[in-house]
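Open the model in your viewer and keep the selection panel at hand. Each stop below tells you what to pick and what you will find there.

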Amino acid sequence: MLSTLAKILAILNSETRPGQISLALVFAMIMGLTPLFSMHNAVVLLLVLVLRTNLSMFLAALALFSALAYLFDPLFHQFGLWILKLEQLNALWTDMYNSGFWRMTRFNNSVLMGSLAASLILFVPMLLLSNMMIGQYRHRFRNWVNNWQLIKLIKSSKLYQVYQAVSGSDAA
Amino acid sequence: MSAWIRWPGLIAFAVIMLIVILGFYFFAGPLARHAIEYNGTEMLGAKVDLASAEMQLSPLGFELRDLQITHPDKPMSNALQIERITFQMDLWALLAGQVDIRDMSLQAVRLNTPRRVSGALPKAKAQPKKDSKPATPAPAEQALPKPSINLPKVKDILAKETLQTETLYEQTQSAFEQNKQQWQQRVAKLAKRDDFKQLAQRLKNIKPKKSGDRLQDIKNLNDAVEEVKRIKKQVRGDLKQYQESLTQLRSYVKDSEKSIRALRQSASGDLTRLKTKYTPKSENLANYSALLFGEKGEYWTKEALYWYQLLEPYLEKATKEYEKSQQQDIQTQRANGTMVRFKTFQPRPDFLIRKASFDLRRPNGEWQGELKDASSDQRVWARPMRVSLQADKQANLEQLRINAVFDHTKPDQSNDKFELTVGAYQLKDFSVSESKDLPLSLKSARVDLNMNGVLINKRLDAKLNSNFTSAQFFIEKQKGENDFSKLIRQSLENINAFDINSQISGKLSHPKLSISSDLDKLLKKAIGEQFQKQLRAFETELKKSLQDKADALMAKLTPYTQQFNAVEKDLNTTQNDAQNTLKAAENKLQSYQQQLEEKKREKQQELDKKRKALDDKKQDKLDELKNKLKDKFKF
């Protein structure tokens, strides 16, 4: 049981480069901020699984961004409404609205459009920012965090030891 | 490349998608079943049960089995039960969040079926969204008015009523008394018969004496004439009084005869008045059919309107929800987002049933029905919803046609129409009235009816024409039933054909129902025929009693008239005597005047003779004197 769990954790934490972690984070941002059962999230899930992204970070960030979405939904609604009502894009939206496939995506929902547009706009900046922050963390704060009692406690657990044996790396 | 690509991730993704698709495939049915039960219960306020729902992929469709919709008021009964529902849907519409059902078939639709398990909902859910269904009217409250047709006893009427005859009698009797007193006073002042006899005797006794002296005779005659004149004057004076008194008496007699005639006529007046007051009026029976059938008519009208009001919100649901969503407060919008709509090249409402056919299983056969263009937004679909139902040659029904069109393509100008035709429906044991006084039912009847109506902008105008033939009314005989109920019962039992027409109009919330029927005329006629006999006996008795009373009163007045007549007779006799005396006096006067004239003439002749003799003598003396003178102075 512990061994299986450790293997799962190892898989989840297998990609540890900053870029991989950041990518997981931004994909989680898209999936977390937008309504979960939207069609585009299938694409995001595919990318998350196919590209070497850190799955732990993806899951953790997904939870975080899903929580944040409740706070930002009003803004996304306003933003999405603005985008959908833009005169310049009306022809595009009309064509998409008359297509069964695009209707399926529910693109004309204000919250979905606003959150998706916002997360796409934030995709690159977030990616670069998180990349930079991970680098800084590893450089400046990792040792300090490793000295926390909580971390020490986790590291002294049997699960962690098995995990270490399976993954052959330090999770932090 | 492989540094960035995790090939097993593809497999993982494929597995996840497969799980989702398989999950959708296997759980679609149960999920659909749950959705139908949950949403159906919410919408109708009554428990909805579905035995199973299976999805078919190609073509996309569903098969639902044993749908049961509980009757809102009877938890152990289903308002509707459908054995099997199959329908195909448009896949792309479904993926776009729209339900477009191409063809739906409902098999074995049944109404009012029993349930094995109670369909009662918890109180919070069970509250109806619309006005609650009309309760079946409680019989105790629906007492029919009882126009009283109990004929009272004649003696009771005469005892309590103030009769014109009696009033008139009292007035007449008082007048007679007054007249009598006046007359008696007057008669007392008149000369009596004896007085006239005395005068006649006096007249007779006038005989001027003949003395031989003409002058004396003339004087005596003169005196006699004067006496006669005096008597005549007196008689004339008395006679005048008599005439005046007789004139007045005759006017009294005339008045008394008039009063007696009026008394006789007042008896007829009393009869008419009492008949009018105490015999039942025909207005009491006017529109009785409205009272008999109105209760049921009102109930069925409300029932129909109740179900329409349940349906009505869904005729314009999508439009209203969209409009509502545009007006929703920001917080609600923010939570769910707004579905912004764009122009569609092929407009389609969010929910649409293009065509549904169903067969309704009734105890005596099957009815076939069809529903077309049922949509959540007629404004988008631009077609009204149509429902038709028909049945032919059933065990208890020759023909049934129901056609309805619900046109809400212009929401501010809704225009619903319906038409119902029933041919030769065999009605059995139909309760017409549950009133305590007159529990009336139609044991059997053949009914032909036609009903059509329109509902324009929530104003209803509907007409029903129905014809009942071979009708058999049944009224349970009640203990202590009054005459009226008995008559109605007897009359209705003889009626076997009638029409009922009704009109429902007004606002949907409070329509006005009016019912008319030739049953009123038939009832009046039947009751009239049965009742006339009693009425005639009553009238005869009343007439006789009033006549007897009038005769008795007139008999009391008779002595007065007899008295007046007797006095008149007496006065006439006395007057005759007076006239005779007067005539005798005139005759005597005339005679004496003639004698007097004659005597005067004779005396005058005598005097003339004497004068002539004197004149002759005088002349002789003169002549003699002349001669003497002549002789004396003769030259």
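The tour starts with chain A and then moves through chain B, stop by stop. Keep in mind throughout that this is a predicted model.

**Stop 1: chain A**

Select chain A and colour it by confidence. The mean pLDDT is 85, and 87% of the residues score at least 70. Where is confidence lowest, and where is it highest? Pick helix 1 (residues 2-12) of chain A for the low end, with a mean of 64. Then pick helix 5 (residues 90-97) of chain A for the high end, at 93.

Now switch to a cartoon view. Chain A has 9 helices and 0 strands. Along the sequence, the pattern reads α-α-α-α-α-α-α-α-α. Of its 172 residues, 41% count as buried.

**Stop 2: a nonpolar patch on chain B**

Move to chain B and show the surface. Select Leu18(B), Leu22(B), Tyr25(B), Phe26(B), Phe27(B), Leu31(B) and Leu57(B). These residues form a nonpolar surface patch, and together they have about 750 Å² of accessible area. To place the patch on the cartoon, start from Leu18(B), which lies in helix 1 (residues 7-44) of chain B.

**Stop 3: a positive patch**

Stay with the surface. Select Lys254(B), Lys258(B), Arg261(B) and Arg264(B), which make up a positive patch. Use Lys254(B) as the landmark; it sits in helix 7 (residues 214-278) of chain B. Is Lys254(B) buried or exposed? It counts as exposed because its relative accessibility is 60%, and the cut-off for exposed is over 50%.

**Stop 4: a negative patch**

Next, select Asp615(B), Asp616(B), Asp620(B) and Asp623(B). On the surface, these four gather in a patch of negative charge. Asp615(B) belongs to helix 13 of chain B. With a relative accessible area of 39%, Asp615(B) is partly exposed.

**Stop 5: a salt bridge within helix 13**

Remain on helix 13 of chain B, which covers residues 519-632, and select Glu606(B) and Lys603(B). What joins their side chains? A salt bridge does, at 4.0 Å from N to O. The two residues are 3 apart in this helix, about one turn. Glu606(B) is partly exposed at 24% relative accessibility. Lys603(B), at 13%, counts as buried.

**Stop 6: more salt bridges**

Side chains of opposite charge can pair when their charged atoms come close. Over all chains, the count comes to 34 salt bridges.

Select Arg361(B) and Asp359(B). Their side chains meet in a salt bridge of 3.4 Å, N to O. Arg361(B) is partly exposed, with a relative accessible area of 31%. Asp359(B) counts as buried, at 11% relative accessibility.

Then select Asp373(B) and Arg383(B). In this salt bridge, the closest N and O atoms are 3.9 Å apart. The pair links distant parts of the chain, 10 residues apart. Asp373(B) is in strand 6 (residues 365-375) of chain B. Arg383(B) is in the loop between helix 11 (378-381) and strand 7 (385-392) of chain B. Asp373(B) is buried, with a relative accessible area of 12%. Arg383(B) is partly exposed, at 42%.

For a network, select Asp90(B), Asp100(B), Arg102(B), Arg348(B) and Arg354(B). Salt bridges link these five residues.

**Stop 7: two residues with positive phi**

Return to the loop between helix 11 and strand 7 of chain B and select Ala382(B). What is notable about its backbone angle phi? Phi of Ala382(B) is positive, about 60°, although the residue is not a glycine. Ala382(B) is exposed, with a relative accessible area of 54%.

For the last selection, take Asn457(B). Look in the loop between strand 10 (439-456) and strand 11 (459-475) of chain B. Asn457(B) also is a residue other than glycine with a positive phi, here near 50°. At 40% relative accessibility, Asn457(B) counts as partly exposed.

Conventions:
Residues numbered from 1 in each chain as written. Chains lettered and ligands numbered in written order. Predicted model: local features only at pLDDT ≥ 70, side-chain atom pairs only at ≥ 80, totals over all residues. Heavy atoms only, no water. Patch = residues over 30% accessible without salt bridge, like charges linked within 9 Å, V, L, I, M, F, W, Y side chains within 5 Å. Areas by Shrake-Rupley, 256 points an atom, 1.4 Å probe, with all protein chains shown as cover. Lys, Arg positive; Asp, Glu negative; His and termini not counted. Charge placed at Lys NZ, Arg CZ, Asp CG, Glu CD. Helix = DSSP H or I, 4+ residues; strand = E, 2+ residues; numbered from the N terminus. Buried < 20%, exposed > 50% of the residue type's maximum accessible area, 1.4 Å probe, protein only. pLDDT = per-residue confidence, 0-100.
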